[in-house]
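This briefing covers internal space and helix packing in one protein model. The notes below are grouped by topic.

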Amino acid sequence: MLKLTNITKDYSIGKANVCHALKSIDVNFRKSEFVAILGPSGSGKTTLLNIIGGLDRYDSGDLQIKGISTNKYKDRDWDTYRNHSVGFVFQSYNLIMHQSVYSNVELSLTLAGIDHKERKRMVLEALKKVGLENEVYKKPNQLSGGQMQRVAIARAIVNSPEILLADEPTGALDTENSEQIMDILKELASDRLVIMVTHNPELAERYATRIIHFADGELKGDSNPVSSEELEEFENYGAELQPTAADDARNWFLRLFSKKERDKSKGKKKYSSMSFKSAIKLSMKNLITKKVRTSATSVAGSIGIIGIALVLAISSGVKGYLNNMEEDSLSTYPLTISKNDTGESGGNFLSSIFDMLGREDTEDLDKYPNTDEIYTHEVIGGIIDKIAEMAGNKKLGENDTVTFSKYLERNFDPAWGTISYDYGTKFNVFYKFPENGKPGAGEIRKVDPFMDVVGAVQGIPTQIMGYIEQYGDFINTWSEIYNQELLTEQYDLLGDSRWPSSENEIAIVVNEYNQIDDYALFCLGLKGITDINDTLQGSAVSGNLTVDDLLALKYYVAPDAVYYKSNDNGETYYYDQTFDTNDKGQLTNLIASPSAIEVKVTAVIRPKKNVSATCISSIVGYPHALMEATWEKAKEAPVTQKVIKAEETEKGSWKTIVTPDKSYTDFNEFLISLGVANENEIQKISIYASSFENKQNILKLIDKYNDTRKLDNRSTIKYVDQMANLMSYATTMTDVISRVLIGFAAISLIVSSIMIAIITYTSVLERTKEIGVLRSLGASKKDVAHVFLAEAGIIGVISGVIGIILTLLFSVIAKSLLTVFLGFEINVMIQWYMALVLIVLSFFLSLLAGFIPSRIASKKDPVTALRSE
């Protein structure tokens, strides 16, 4: 039973005027009856209905439900009251047009938290009561007016409410449909309270069991008021249900049900609440009804995501290319530790000095001080401190390569790569030119080192010769092959080639176009002195070769020890300058001497496709066995044996036995010049890592060595990682450019978010009546906010997915364009986790964009919302 006591409701009209909608209304309603409220427009009928239904609030007085006052009701209590106890039937149906008949009826059950299986049973049962069991999946716009009103009734009764409120339910229907609706309402009034507002007195007299007349906000008549006996019974019943000390005053509502009614409510939540899943479903259906706008908004919203994703994809591709280049270059750019190196880990002494020169010692100083005092910037002192730090107990910048080499022998894992030791020795290469078409019958000339080849040419202009002398030492024609596995991975064999397998076999390298540099032709002996002169005069080198021509080549390798001769039967030796004049007789004897080694070309090799770096940095690659053989030949040479024996007899006596080509500081330096390797004089250690991961293992090994040395206050090893430095600069530049571009792209992302906020607000305006319907069904303000937040979030996810899909498409185009413009291939592809992050980012930005519109929606007055069109 409902009891209204002294209910008053006023509305402000402008700043000064007040409309008294209800004036001290006192009326009671039975648990089960059909009440018709008659009265002219503006008499307060609908206002009374909205207050009874909890859509509107009374200003004063009291509304009691089963003897319990609602004066202390909060919003959540009113929401639950509407969802569990009240059903609304409106004149204009107020169906959600983008939902099916089934979904419209189901909505209040979803808010009540009833499980899916039970919801389906209850929905179908309600539709059957109103004769629409065959129209379950139609949309409201596919129904007649009478059918839509029956859907509204089914929605109102599906939750078995105690009170059914009908506001002009037949106002928009013809006579036949009106009578059908009234028959349904009369039948429903048999077990519940039905209150109907109408302008039609005939229908009221025919169907209602009680008629109440309203005028000017006052109750003017009641055909069947509640008796004093009924009221006394009602008040006694209500006293039993008053909250006790153990009750939560806000959750007393479920105690109002009788046992039978509590059984019906099993599975319902104490408070009505729409799950986020239901909010998503409702919003998704609304978006589907506006496909064009949803698609346009999503595509526009994806622009910022596309911009950021493309930048990340290109940046990732560039970094991947740099990483691949660095890994491929491991075979070309090793970690190097030089005996007289002045480098620190990854840098060098000079860079440290420049750093000191550029560093500002201004910790305690202000910029542009307001003073006449001039301070001293310490530079020299800092440099001296740096020199002292680097020098330690040894001479400046010297690495103890011998001790470190022994450490490597004990701890280096061969799987990590290869170690190459440079003892400072070199060898000379000679070639016997053909004559009259007969190979090896002509003159003998030195073809390597390069500077020696050019030095034999007469008539080179002084200016050109100056440039050659300046840069000629950087031209490396012969280099060591240190890893057969890398050779196989990086090179293809051409023609009848086979890999060098002994000290007498070498390989010649051509580029991807099967070309050999012109200067290399001179160093290979394939072009003579005349050809060099012509080239230096501007003439192009003519004539092509075949793989077989190269495989037919053979050379003679000898250490510098062969240049020393004796005129006194081996008592003393001198450096024979005539060898440098390319004297044919002398060179013939040289290549026939025991110190010379004949080598043959067994392989012509070419870099494989998609290999960005290779392990041979010259034209000719030779096995380590050849270098060891030259060491042995140099050691066995007469001059070497003589000076070693003399030095063993008397220290320093070697200087009286030999007249060298230049002055040497000590005996070891002279032996190195002869080509003799000394294990205690390692000039440089080169470590070639087999993979980027193994390079990290090698660096950890070096760090461990240095840490141990520091504990004992001993000198550490300084290494140079040239490729890492280059890659570091390139990666830094890539990061900087990427951040700038992402910043620009983020602007469009912000604009997209603003646009989504506007679209969400537009949706709020378009769905104002739907907001009123949801509130009438018991949806809370939070539920309404969730609906529009869900809509914004869905648009965000769709925008993110579209952005990633379009990025994948544009990545293919970007890859092709970059390949054309840059000349090398970059794998433009966004990482999956970055794509996921961007979709999530789009989702959360859209939620943020939808926050204010959703708050506006949740604040809308349900009564006002239901009146909107």
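A cavity here is a set of grid points where a 1.4 Å probe fits but cannot get out. By that definition the structure, which is a predicted model, holds six cavities of 30 Å³ or more. The points below take up the largest cavity, the second largest pocket, and three helix pairs: α11 with α28, α26 with α28, and α5 with α6.

**Cavities**

- The volume of the largest cavity is about 90 Å³.
- Its lining consists of M1, L2, R30, K31, I65, K66, E162, I163 and L193.
- Five of the residues lining the largest cavity are nonpolar and four are charged, with no polar residue in the lining.

**Second largest pocket**

- The second largest pocket holds about 830 Å³ of space.
- It is lined by 35 residues, of which K608, N610, V611, S612 and A613 are the closest to its centre.
- Two or more lining residues come from each of α11 (291–328), β16 (491–493) and β21 (597–607).
- Helix α11 gives the largest share of this lining, with six residues.
- The lining of the second largest pocket comprises 14 nonpolar, 13 polar and eight charged residues.

**Helix α11 against helix α28**

- Helix α11, which also contributes to the pocket lining, packs with helix α28 (residues 781–822): their axes come within 7 Å and cross at roughly 45°.
- Because angles from 35 to 65 degrees fall outside the parallel and perpendicular classes, α11 counts as oblique to α28.
- The crossing of α11 and α28 is right-handed.
- On the α11 side, the contact is made by T297, S298, V299, G301, S302, I305, I306, A309, L310, A313 and I314.
- On the α28 side, it is made by I795, I798, S799, G800, I802, G803, I804, L806, T807, F810, S811 and L818.
- The contact of α11 with α28 has 14 nonpolar and nine polar residues, and no charged ones.

**Helix α26 against helix α28**

- Helix α28 also packs with helix α26 (residues 722–766), at an angle of about 140° and with the axes 10 Å apart.
- Angles count as roughly antiparallel over 145 degrees, and α26 and α28 are therefore oblique to each other.
- Helices α26 and α28 make a right-handed crossing.
- I756, I759, T760, S763 and V764 of α26 meet F788, E791, A792 and I795 of α28 in this contact.
- I795 of α28 is listed in the contact with α26 and also in the contact with α11.
- By class, the contact of α26 with α28 contains six nonpolar residues, two polar and one charged.

**Helix α5 against helix α6**

- Helix α5 (residues 145–157) and helix α6 (residues 175–188) have axes 10 Å apart and pack at an angle of about 15°.
- Since angles under 35 degrees count as roughly parallel, α5 is roughly parallel to α6.
- The crossing of α5 with α6 is right-handed.
- From α5, the contact residues are G146, Q149, R150, I153 and I157.
- From α6, they are N177, Q180, I181, I184, L185 and L188.
- The contact of α5 with α6 divides into six nonpolar, four polar and one charged residue.

Terms used:
Residues numbered from 1 in each chain as written. Predicted model: local features only at pLDDT ≥ 70, side-chain atom pairs only at ≥ 80, totals over all residues. Heavy atoms only, no water. 1 Å grid on protein atoms, 1.4 Å probe; cavity = no way out; pocket = protein on both sides within 12 Å on 5 of 7 lines; lining within 4 Å. Points joined across faces, edges and corners; volume = space filled by probe spheres on them. Helix = DSSP H or I, 4+ residues; strand = E, 2+ residues; numbered from the N terminus. Nonpolar A, V, L, I, M, F, W, Y, C, P; charged D, E, K, R; others polar. Axes fitted to C-alpha atoms, helices over the stretch in contact; angles between N-to-C directions. Parallel < 35°, antiparallel > 145°, perpendicular 65-115°, else oblique. Left-handed = near helix turned anticlockwise from the far one by under 90°. Contact = heavy atoms within 4.5 Å.
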